[in-house]
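Please open the model in your viewer, with the cartoon representation switched on, and follow the selections below in order.

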Amino acid sequence: MMDKLGYRITTLGISSDSAAMSAAKYSIDTSLFDSLVDKVNESSSCSDPATNSATTAASTRSMKQRLVQFDDGSNEDAEFLADLLGRRLTEDRGEVIFEVGQEADGTSMDLTDNDIAQVTATLTKVVQMPQVASFVQLLVDTGAPVVVQSERTFAREFAESSSAQSASASATATKPKGVGQGRSANATEQDKPPSAPSVSSLVRGRTAYYLIRRKPQGVEQILEVRVAVAGNVDAGKSTMLGVLTQGRLDDGRGKARVALFRHQHEIESGRTSSVSLEILGFDKTTGAPVRHTDPSRKVSWDVVCSRSSKLVSFLDLAGHEKYLKTTVFGMAGGAPDYVMLMVAANAGLNGMAKEHLGLALALGIPVFVVITKIDMCPPNVLDSTIKQLTKVLRSSGCRKLPIAVRDRNSVIMAASRFVSQRVCPIFQISNVTGEGIDSLQTFLNVLPLNRCYNAPTSAPTQANTDITAAKGKRTAGPAAGEVQAKMQFDISEVFVVPFVGTIVSGVVISGTLKPGDPVWLGPDYNGHFLQTAVRTIQRKRVDAQAAYTGQSVSLWLKKVTRLQVRKGMVLLGRSEHSSEEPSSSKTFEAEVVVLYHSTTISSRYQAMIHCGSVRQTARILSIEQADGSAETLRTGDRARVVFQFIRHPEYLTEGTRLIFREGRTKGVGKVLRVLSKAEEFEAVSKATKGTMVFDHRSLKVLNEGIRHRAASAANAANAAAAASAKTDTAATAAKNTLKHPLKG
């Protein structure tokens with residue numbers, strides 16, 4: 001079954017060059033992969049604050065002296081640290097993990113308890129400066145020399161260490177814990193995870209990791225990370241989200257998941273059938289999760305946004321097979337930054353979990369795994385699940401490096417190296433006892449932004465504050481029209497609010513959007529665009545004055561009815577000085593790879609296309625392979641394919657990834673170009689051999705239509721001739737009556 005799923009997705013290397021397409025087919029550059037791992041192992045030295053201090057070689061004070069022996073009377077240390085943190089925050093788009101423990105030359109700072117306290121106090125003073133305007137949170141203090149292992153070491157020792165943990169956990173009676181509690185302080189030596197030193201390990205002195213994040217001045221500046229929660233049915237997806245967002249443990253019967261369901265049948269069956277949304281906010285002063293003091297009550301979204309500096313938006317996807325179409329749409333149209341794959345410890349990686357993993361790899365989304373229900377799973381079954389998961393992740397298709405996240409040290413390492421898409425952190429949690437929840441919560445807090453945002457992350461100035469405070473006012477400037485012209489907003493949800501109007505929600509793909517901006521809405525069923533404007537913008541149910549690239553928002557459109565909008569449409573920036581309507585097309589060319597098909601795929605084959613928020617059936621008009629072979633595709637083949645949508649045109653952009661599926665058939669690819677009207681007519685004419693129809697039934701209907709129109713035309717001509725003759729006869733009789741009136 002795994003072979004049929006085609007876990008060779010990361011080796012696609014899809015490119016626009018068809019000549020190099022077949023040469024690089026399913027080839028893996030092992031040396032390149034090894035060098036990538038080695039570079040990732042060495043990247044920790046680049047992230048040290050001591051490296052940033054190399055630019056100040058002229059200064060005589062070391063980094064330890066600036067942090068520990070901070071001089072309040074002198075502005076030199078304060079300006080240096082403020083400039084350093086400001087640059088780091090700008091480069092990392094608003095948040096940074098600040099590591100203290102090594103100098104620029106790699107020597108250890110030999111920090112003591114008093115030094116850690118002084119460093120914390122120093123950073124607390126520096127982040128309050130206007131050019132930084134952030135908060136600081138101590139994440140990890142190793143307290144003793146720690147062994148930092150590379151990804152290869154963790155991947156090699158993951159199965160053995162995890163098996164030892166599961167065996168020791170089952171041998172010791174587990175007491176109920178609250179959310180965020182870990183192992184007891186008096187744990188035995190058997191409970192501690194084994195650490196096997198290796199040649200790729202680096203021994204460091206005492207190290208402290210600080211989270212520094214800017215304080216947002218409005219909901220527009222809140223950092224957001226979107227996480228799609230996928231996995232097989234009954235894996236505990238909704239239950240885990242309820243535990244994370246509400247702050248209370250589950251009772252073992254799914255009590256924590258009830259608040260996340262959207263429909264009554266979901267509450268009755270306990271299974272999600274739609275794409276549910278939930279947010280987890282982290283406080284902008286302490287970094288702690290924003291929850292209600294009463295665990296039985298939820299905090300409203302507007303309160304969460306007002307108190308948070310970072311939001312984690314969860315897309316709770318359906319796990320049942322009959323809802324796979326909805327799950328694919330949520331994963332492709334929701335534009336998630338990461339995928340959290342849920343695996344039940346007592347069931348293993350089976351069913352739809354494999355499908356969801358394949359979808360994430362096809363779309364190029366980083367994946368981390370959460371093993372649930374470890375409190376009710378026997379040790380031998382948990383060991384089997386871990387071995388199976390490790391085997392799949394390290395297979396030739398996934399090429400992932402699994403890392404067992406045991407404590408906060410491994411959380412920081414996994415989060416800092418997760419962006420390489422090679423590392424796959426694995427958590428073991430229990431929603432009933434609370435074990436492992438703290439590590440997962442910390443990981444979500446420090447998870448880096450994966451997409452490119454253009455939201456303002458610099459320190460707030462008086463001008464920015466005035467703009468934010470001016471409700472409903474737009475800023476004028478020469479760059480506003482340029483940014484607006486490049487704006488694109490994909491619509492993934494449409495609904496109507498009584499006494500308000502039509503509301504659309506989705507993700508800003510590019511550009512900036514503000515209330516009052518004129519936009520194009522389309523394409524409709526005829527391929528045309530409608531002129532409209534944005535009345536108001538809401539982000540997480542809070543009024544916003546702007547929407548930036550990568551943010552998910554809701555828009556109230558002006559003079560648009562519900563029947564004029566559908567999922568898959570886009571909003572494009574419209575210049576007030578130009579009325580040129582954007583173009584759409586039913587036909588496009590893509591480079592695809594067939595992951596699995598039982599027989600062969602040829603021309604006129606139909607499949608469901610998922611491309612962003614677009615979801616529509618399309619047919620294949622032509623197939624062009626690099627080696628010039630027959631126009632058929634089998635499992636593993638790669639080719640250029642021309643698709644045509646069945647119903648109506650869509651708006652597509654070059655380089656967008658797509659998934660096509662039909663039954664068990666699966667394929668991935670990316671859009672190369674959109675065909676013009678003339679190219680579309682030529683492609684359809686070539687595929688149909690001039691008939692412009694695609695099957696015998698349509699040809700029969702076409703011929704019948706031609707005969708019907710011909711007969712109708714003949715009948716109309718005869719009727720016209722008869723009417724003309726009758727008119728002539730009447731005219732002749734009237735003329736004779738006038739000539740001989742007495743005869744009448």
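How many bridges join strand 9 (residues 338-344) to strand 10 (residues 367-372), and how do these strands run? In this predicted model, select both ranges: six bridges join strand 9 to strand 10, and the two run parallel. Within the pair, display M340, which stands opposite F368 in strand 10.

Next, widen the selection to the sheet, which is open and consists of seven strands in the order 7-8-6-9-10-12-11, with mixed pairing. Its edge strands are strand 7 (276-283) and strand 11 (401-404), each of which pairs on one side only. Looking along the sheet, you can follow how neighbouring strands are turned against each other, by 25° on average with direction ignored.

Now add helix 16 (residues 437-446), which lies across strand 7, strand 8 (308-316), strand 9, strand 10 and strand 12 (423-428), and which runs at about 115° to strand 8.

Keep helix 16 selected and add helix 15 (residues 408-417). Two packed helices are described by the angle between their axes and the distance between the axes. Here helix 15 and helix 16 pack at an angle of about 35°, with their axes 9 Å apart, and the crossing of helix 15 and helix 16 is right-handed.

Finally, show the side chains where these helices touch: R408, V411, I412, A414 and A415 belong to helix 15, and they meet D438, S439, T442, F443 and V446 in helix 16. Coloured by residue class, the residues of this contact divide into six nonpolar, two polar and two charged.

Note on methods:
Residues numbered from 1 in each chain as written. Predicted model: local features only at pLDDT ≥ 70, side-chain atom pairs only at ≥ 80, totals over all residues. Heavy atoms only, no water. Pairing = 2+ DSSP bridges. Helix = DSSP H or I, 4+ residues; strand = E, 2+ residues; numbered from the N terminus. Axes fitted to C-alpha atoms, helices over the stretch in contact; angles between N-to-C directions. Contact = heavy atoms within 4.5 Å. Left-handed = near helix turned anticlockwise from the far one by under 90°. Nonpolar A, V, L, I, M, F, W, Y, C, P; charged D, E, K, R; others polar.
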